There are 2 protein chains.
Amino acid sequence: MLPAEKSEILKNSLIFSSLNEDELSGLAGLAIERSFQADEFIFWEGDEPDYFYVIAEGRIKVVKHSSSGKEFIIAFFESGEMFGEVAVFEGKPYPASAQAISATNVLGIRRRHFLDFLATHPQMAMRIINILGGRLRDAQGRLKDLAGERAQQRLARILLMLASRMGHTIPFTRQELADMAGMTTETTIRLTSQLKERGIISSVRGQLIIVDEAKLRALAEGPPTV
Amino acid sequence: MLPAEKSEILKNSLIFSSLNEDELSGLAGLAIERSFQADEFIFWEGDEPDYFYVIAEGRIKVVKHSSSGKEFIIAFFESGEMFGEVAVFEGKPYPASAQAISATNVLGIRRRHFLDFLATHPQMAMRIINILGGRLRDAQGRLKDLAGERAQQRLARILLMLASRMGHTIPFTRQELADMAGMTTETTIRLTSQLKERGIISSVRGQLIIVDEAKLRALAEGPPTV
DNA sequence: CGCCTATTTGAAAACCGTCAAAGTATGTGG
DNA sequence: CCACATACTTTGACGGTTTTCAAATAGGCG
């Protein structure tokens with residue numbers, strides 16, 4: 001891949017879009033390209049955090065496994081987004097694994113290089129703070145949901161969150177939705193079947209379409225007002 | 001309160017400890033002091049994020065309420081720690097409420113002042129990034145626990161987390177532990193009773209003492225090896 | 001067409017929540 | 001110093017939501 005292409009990818013990313021050409025090509029010179037097929041792992045929980053990544057193309061999910069082996073999807077990311085950054089900042093092993101959902105190309109930047117870059121680009125640090133803040137807010141909202149809401153509401157909220165990022169067509173299987181909402185595939189199927197009967201969603205194999213967002217939003221808010 | 005006292009408090013905080021005297025007194029000049037009694041709220045979820053806070057003395061908890069009114073403790077903080085920062089960085093309403101656990105004094109710094117300060121102190125920004133990264137890692141671990149682990153293991157992990165921060169004597173009621181672990185008070189009591197029978201903890205009203213940390217750690221890892 | 005994966009359905013059971021009641025520290029006021 | 005109020009802890013029974021296990025159906029790709 002040409003350096004100019006790497007620059008272009010970085011320019012299109014959420015974090016680096018504000019950099020000028022010189023800064024971009026400086027970073028691009030440090031970046032390495034890696035490609036993954038669907039289901040391949042970019043890194044595993046516990047690995048040393050040598051790289052932080054920006055997605056050039058494709059989608060990845062960040063997962064953790066419970067002691068019984070059940071998978072939980074902490075987050076998923078698309079092109080332009082970064083991942084693996086928390087471990088890089090702290091210098092501790094990755095707290096979760098990253099796995100490609102579809103064929104994916106990423107740019108990786110070495111921990112050391114990235115930290116040096118950050119130290120010399122204060123506005124970049126502020127941007128990172130904002131992104132981390134947003135992710136923290138998000139995680140805390142999900143914590144509350146998992147602790148206190150019923151499966152029906154958790155699923156509705158996951159669907160709304162996905163819709164706000166990707167539009168009304170949601171390209172995930174029931175199993176993936178289940179792993180995001182912290183429930184079993186069977187439960188997700190039973191709940192989505194209900195939603196289909198009520199005309200709130202429609203679905204085809206491997207994806208789900210939100211038909212009536214207003215009703216879904218009402219469901220997410222609380223139990224059907226008695 | 002004298003400016004010098006405010007400086008002293010900031011100097012003892014986790015985030016500002018690396019600042020020099022001039023920087024400290026500059027910040028101290030911007031800080032206001034506020035006091036709260038146990039159970040008073042410092043701010044409510046949804047409030048405008050005018051201030052970010054550093055604890056001078058006391059303990060606070062950050063809570064969210066589920067749609068059914070159940071309380072969930074997202075985090076708690078002691079002297080020297082900061083809270084309310086996520087909202088301040090993003091300029092969006094506080095995502096959770098903050099409530100004093102005991103009599104508490106805090107220093108508040110206005111959003112605008114703090115952002116200005118950050119922009120001119122890059123090493124401070126890096127520190128914030130580290131703290132946010134740590135909190136994010138923590139939140140993600142808890143997400144996985146809530147989604148995939150049994151009540152027994154969740155409780156054990158909460159106790160271990162508290163022990164690592166406060167020592168083996170844990171000054172929380174069963175109800176507070178329940179609100180941290182995402183379960184009911186009754187379930188917490190039943191589980192702690194089992195732990196007491198097995199000699200892993202002892203307890204008096206309002207606090208709990210870890211007697212056998214090794215066994216607790218084994219429990220936290222997974223179901224008792226059959 | 002056949003295989004693999006995704007979706008669906010059913011029945012039984014487990015875990016934990018809910019509700020109710022009672023016991024036990026702690027502190028306060030008389 | 002005792003009595004009472006309050007909050008924390010404990011216990012039991014029951015029920016509901018969700019998981020678990022099992023089996024069948026259906027869609028897409030080579």
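Which of the 17 residues around DNA strand C come nearest? They are A:Ile189, A:Arg205, B:Arg150, B:Ala151 and B:Thr187. A residue is near a molecule or strand here if one of its heavy atoms lies within 4 Å of it.

Before going on, the conventions. This is a predicted model, where local features need pLDDT of at least 70 and side-chain atom pairs count only at pLDDT 80 or more, while totals for chains, interfaces and linings use all residues. Residues are numbered from 1 along each chain as its sequence is written, chains are lettered from A and ligands numbered from 1 in the order in which they are written, and side-chain values use heavy atoms, with hydrogens and water left out.

Back to DNA strand C. Of its atoms that come within 4 Å of the protein, sugar and phosphate account for 59%. For polar contacts, the cut-off is a pair of N or O atoms within 3.5 Å; within protein, one must be able to donate a hydrogen and the other to accept it, and residues adjacent in sequence count only if both atoms are side-chain atoms. The side chain of A:Arg205 has an N or O atom 2.4 Å from a base oxygen of DNA strand C. In chain B, the side chain of B:Arg205 places an N or O atom 3.4 Å from a base nitrogen of that strand. B:Thr184 goes to the backbone, with a polar side-chain atom 3.2 Å from a phosphate oxygen of DNA strand C.

Which elements form this surface? Helix H8 (185-197) of chain A and helix H8 (185-197) of chain B each supply at least two residues, and H8(A) has the largest share, 5 residues. Helices (H or I, at least four residues) and strands (E, at least two) are DSSP runs, numbered from the N terminus. By class, the surface near DNA strand C has 3 nonpolar, 5 polar and 9 charged residues. Nonpolar means Ala, Val, Leu, Ile, Met, Phe, Trp, Tyr, Cys and Pro; charged means Asp, Glu, Lys and Arg; the others, Gly among them, count as polar.

Now DNA strand D. Of the 17 residues around it, A:Ala151, A:Thr187, B:Arg174, B:Ile189 and B:Arg205 come nearest. Sugar or phosphate makes up 55% of the strand D atoms within 4 Å of the protein, and bases the rest. A polar side-chain atom of A:Thr184 is 3.2 Å from a phosphate oxygen of DNA strand D. Two side chains go to bases: A:Glu186 has a polar atom 3.2 Å from a base nitrogen of strand D, and B:Arg190 has an N or O atom 3.0 Å from a base nitrogen of strand D. H8 of chain A and H8 of chain B each give two or more residues to this surface, and H8(B) gives the most, with 5 residues.

Next, the sheet in chain A. It is an open sheet of 4 strands in the order E2-E7-E4-E5, with antiparallel pairing; strands pair if DSSP finds at least two bridges between them. Strand E2 (41-43) and strand E5 (71-77) stand at the edges with a single partner strand each, so one side of each is left without a neighbour in the sheet. E2(A) and strand E7 (residues 97-100) of chain A pair over 2 bridges, and A:Phe43 stands opposite A:Ala98 in E7(A).

Last, the domains. The assignment, automatic or from a database, gives chain A domain 1 (3-144) and domain 2 (149-221). Their C-alpha centres lie 27 Å apart. In contact, meaning heavy atoms within 4.5 Å, are 13 residues of domain 1 and 13 residues of domain 2 of chain A.
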